[in-house]
Amino acid sequence: MSALSQEVNNTLINVLQGFASPNNEVRSAAERALNQEWITPENIEPLLVFLSEQASFSQDPTIAALSAVLFRKLALRAPPSSKTIIIAKNITHISESALAQIRVTLLKGFVNERPNNIRHKLSDAIAECAQESLADWPELLQTLVEALKNPDPNFRESSFRILASVPHLINAVDVSNILPLFEAGFTDSDDNVKIASVTAFVGYFKQLPKSNWSKLGVLLPSLMNSLPKFLDDGKDDALASVFESLVELVELAPKLFKDMFDQIIQFIDIVIKNKELETSARTTALELLTVFSENAPQMCKANQLYAQSVIMDTLLMMTEISIDDDAATEWENSDDADEDDEEIAYDHARQSLDRVSLKLGGSYLAPTLFQYLQQMLASSVWRERFAALMALSSAAEGCRSVLIGEIPKILNMIIPLINDPHPRVQYGCCNALGQISTDFAPLIQRTSHDKILPALISKLTPNSIDRVQTHAAAALVNFSEHANQAILEPYLDSLLTNLLNLLQSNKLYVQEQALTTIAFIAEAAEKKFIKYYDTLMPLLLKVLSTQSDESSKVLKGKCIECSTLIALAVGKDKFSEHSQSLISLLIAYQNEGIQDDDPMKSYLEHGWSRICRILREDFMPLLPIVLPSLLETAKATQDVSLIDEEEASNFQKYTEWEVVQVQGKHIAIHTSILDDKVTAMELLQVYSTVLRNNFAPYVEDIMTEIAIPSIDFYLHDGVRATGANLVPALLSCLVAAVGLQNEEVIKLWHLASSKLISGIISEPMPEITEIYHSALVDGIAIMGKGCLNDDLMREYANGVSANLTDTYERIKDRHGEDDEYNEDADDDYDDFTDESLLDDINKSIAAVFNCSSGKFINQFQTLWPLISTYLRDDESIIQIFALTSIADMVQYTGEQSAPFKEGFDKSVTGLLLSPDPTLRQAASYVVGICAQYASTVYADLSTTSLATLFQIASIPEAKSEENETATENASAAIAKILSSYGANIPNMDACIENWLKLLPTVVDEDAAAFNYRFLSHLIESNSPAVCDPSKIPACVDYVIQALHHKSLSGKDANVVVESVKKLLGTLPQNEAMSMLQKYPSDIMQTIQTWFS
């Protein structure tokens, strides 16, 4: 019997029947009725009860299925009154009695005789009512356990589907009692049950504490044994599904598979070599092999089969191109210059080899890879030659450290194939040359331009087919990006002649690539391109002045890109000949009202920004034309839609949308709008940077409507990052126009700094947090002393505390000891990210100390326990952060830092003798800062460290590349101690003489600045250690070396050079001249610059 009245049931039955109607008007009316009358705060409960009843008991299969789907959709949707559509759910907001009623109803429906597809939909609805945030539901687990014993496989499959969605249901059950359920599922006679059980097992495993994992390991043989059966029975889809689940397990606990790794590799090898299988089965098998390298690289390296297998399998799949088309006619006639989307196995193999090589490196992979590449490059089968070239392209970046020493050998292997009889092999050769031009840059540009450029230029001629010409031109872009004008100049005539010929092609994609290549070459050649300007610019203007149609819009866009990059390369004076013509054309396009999806839009926006960089303040009259559409794009809001699971795959087909899952909901984000927003904001930053005070009238609107709100764009990292970077650029414009004391400046800074600091507190992404710190530092540098009040400094300290806690935990998790499931992941990228973040936090702490004139020390006190923890750690990047923070605190607070002394002095002196040169450098820097800025407080620390500093600066390898910075910081610390405590240091003259032996200082500019200022002081005070005629040649040489290496520059250099001139003046003129004329020609130029 229904829990609802007959009237409600009848009304809603009519609505559902309307939903199922083939008549659009009837269906629309039903949707309106549901949305307006039932999806309301008052009626959402009876609606969900009704849908649960119909899904469970309706004899109309259409109504039952529709009810189950609608129930799940509405259960996930936010309540009608909620403002948090992403997180809130109807099912968690209905009354306890309504939830209990729905649960009873759905469970009855589940155990009743229902069509298979209805029970599956019921299982999805049940899972939503069993979420962990809801009250316990013990009856459900009992029902599922019984259903797993049901002879009907549909019951068993549906039960595992529920467990896959809500694995916490069985958390309270002892693992030993769960094992038989999964064992039975893995060995079930029904394939769908097997697949569902594996999915459920992975879900259960993922949320189980690691201490229980070993108990589940006994199930792996049964799970793996299902795979050969699927293969033998030709169940390709089932095989792919289980592989996908295994990928998740490997990402979580790769070493769980250590004992069966050989068998897994062998089985994957069999699957991939079986070309009769569906591509999805083979590509998921390769994905499984690949994720082992990413999550257990050492296990892969230790296995004798892995390298051979992954290389052979990827090479095999890379030959699967132009199937049944030996001449590659279809490929050749394609108007799309991109890779063929239908060559799925080939594409997966390329990506796999790229990922494996990046993780395992050249030392491990290159020997085996090159053994096969050499054979394949000499093969009579063109697909093998092509695959070898593309494999080299894929592996080059990961194997860079090994292959970069073999550039001549590699080029000798591949360049002959530029003239291969098969055009697709020629294409592969262009691809390989382009890729290694990027991966081995800039060395390959300097050493091998005479081999690479002629080869690529030879493929631009009419003797090559369109796709080869285009790819050769694209490879030239890769080469040009890392080449200077001196390298390119000898080839410019040949390059431009051939590229101009490509512009006459009847294929649009050929013309478009030619324009792109010309633009990049112009950018690299700079003023050397002036010679070709008079030929090219009129040609580009002619194309831009012709009538547009849809097919030519990208070509027009490329013309805009090419013409403006050429203008930027040749400079304002040369461009002035055509500037008005080009600007008039761009204005005409701008006035046409280009739509968001117009391919010309981005080219036009970037073209205007280049014109601005050329014209600078002369661009101001054009700003009202350019800015309105740019501001409109930059003000775009987050376009977010809550969608059904079934809709997710449709949305994922479109590149402009991204689907993410948040608390069981599928959220579609219109990323293309946000990507355009980022681009617009970046261009606004260009205008503000170039136009400075002229841009001030636009600052308030952009700051309050775009930059500051962007930090709340939680669904797009790029928007948050770009918004933060925009803040100091805008602030600088306004301050340049109206000064620091302007009310608008102060108001905007308060808004911006508050938002940046709140971002520092809440931002989950380390890379974005780093940008917030950097933007805050830049803002403080603009605003100066006293720009942060006590409340903001307190909030800032809270943010730094949160950042330091998170970073510490991340590093410790990443560098944790190996366990039986995971390797100690040596993730260089993550290490670099955290090191970079800590460096920017150091800079922001220094900036806050500086702007507060040391008053931040009160808030710094709250950070001290964390900094002490960092100091006592054994990870160098963590300790360096602590040492730098201490140095900044001492520098900006001086004697007020005394209370912290006992917390760091012993650690600092201990780290002076660290085997790690980066720690010696940082510890030496701290000691020097203590002597320089708080000499009274740190007299004992400084003077007792003097002997140790001399010791570490005089080790046998002190001047090696690894030790040089540490040595120079030690010498600077010695100079600071001698400068601050000279009168109290025994044997001062001997100390100065020994310190002089540590010069020159040629790497660290800060150390050089103090060392040479101290040397200047010694000269000015007529110290015998430097003014004795026998000492003068060495002192002069130390200064010349520093000037030549540019470690000494600016005002410091001027002061020091004047002192050296005075020192030279104490010598006979011929002796002084002789001293300055003994150097090689390159150093003589430095001497003439400073001493002439």
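This short talk goes through charged side chains in the structure, first in pairs and then in a surface patch.

Keep in mind that this is a predicted model. I will start with the salt bridges. Side chains of opposite charge can pair when their charged atoms come close. How many salt bridges does a search of the whole structure find? The answer is 37. I will show three of these pairs and one network.

The first pair is Lys229 and Asp233. Their closest N and O atoms are 2.6 Å apart. As for the surroundings, Lys229 is partly exposed, at a relative accessible area of 45%. Asp233 is also partly exposed, and its value is 37%.

The second pair is Arg282 with Glu320, a salt bridge of 2.6 Å from N to O. Where do the two partners sit? Arg282 belongs to helix H15, residues 279-295. Glu320 is in the loop between helix H17 (306-318) and helix H18 (329-333). The two residues are 38 apart in sequence, so their salt bridge ties together separate parts of the chain. Are they buried or exposed? Arg282 and Glu320 are both buried, which here means under 20% relative accessible area.

The third pair is Lys1061 and Glu1058, whose salt bridge spans 3.6 Å from N to O. Both residues lie in helix H55, residues 1050-1064. They are about one helical turn from each other, because 3 residues separate them along that helix. Lys1061 is partly exposed, with 32% relative accessible area, and Glu1058 is partly exposed as well, at 47%.

Salt bridges can also share partners. Asp269, Lys273 and Asp313 are joined in this way into one network.

Now to charges outside salt bridges. Which residues gather in a patch of negative charge on the surface? They are Asp596, Asp597, Glu632, Asp675 and Asp676. To count for such a patch, a residue needs over 30% relative accessible area and no salt bridge. Asp597 is exposed, at 69%, so Asp597 is above that area cut-off. Asp597 is found in the loop that runs between helix H33 (579-591) and helix H34 (600-615).

One last item concerns an annotation. An unreviewed UniProt entry lists residues 351-600 as "domain: TOG". In the model, that span is 74% helix and 0% strand. The C-alpha atoms at the two ends of the span lie 31 Å apart.

Technical notes. Residues are numbered from 1 along each chain as its sequence is written. This is a predicted model: local features need pLDDT of at least 70, side-chain atom pairs count only at pLDDT 80 or more; totals for chains, interfaces and linings use all residues. Side-chain values use heavy atoms; hydrogens and water are left out. Patches are made of residues with over 30% relative accessible area and no salt bridge: like charges are joined within 9 Å, nonpolar side chains (Val, Leu, Ile, Met, Phe, Trp, Tyr) within 5 Å. Accessible areas come from the Shrake-Rupley method with a 1.4 Å probe; for residues, only the protein chains shown count as cover. A salt bridge is a side-chain nitrogen of Lys or Arg within 4 Å of a carboxyl oxygen of Asp or Glu. Lys and Arg count as positive and Asp and Glu as negative; His and the chain ends are not counted. The place of a charge is taken as NZ of Lys, CZ of Arg, CG of Asp or CD of Glu. Helices (H or I, at least four residues) and strands (E, at least two) are DSSP runs, numbered from the N terminus. Buried means under 20% relative accessible area, exposed over 50%, partly exposed in between (1.4 Å probe, protein chains only). UniProt positions are given in the numbering used here, feature names are shortened, and annotations may be inferred rather than shown by experiment.
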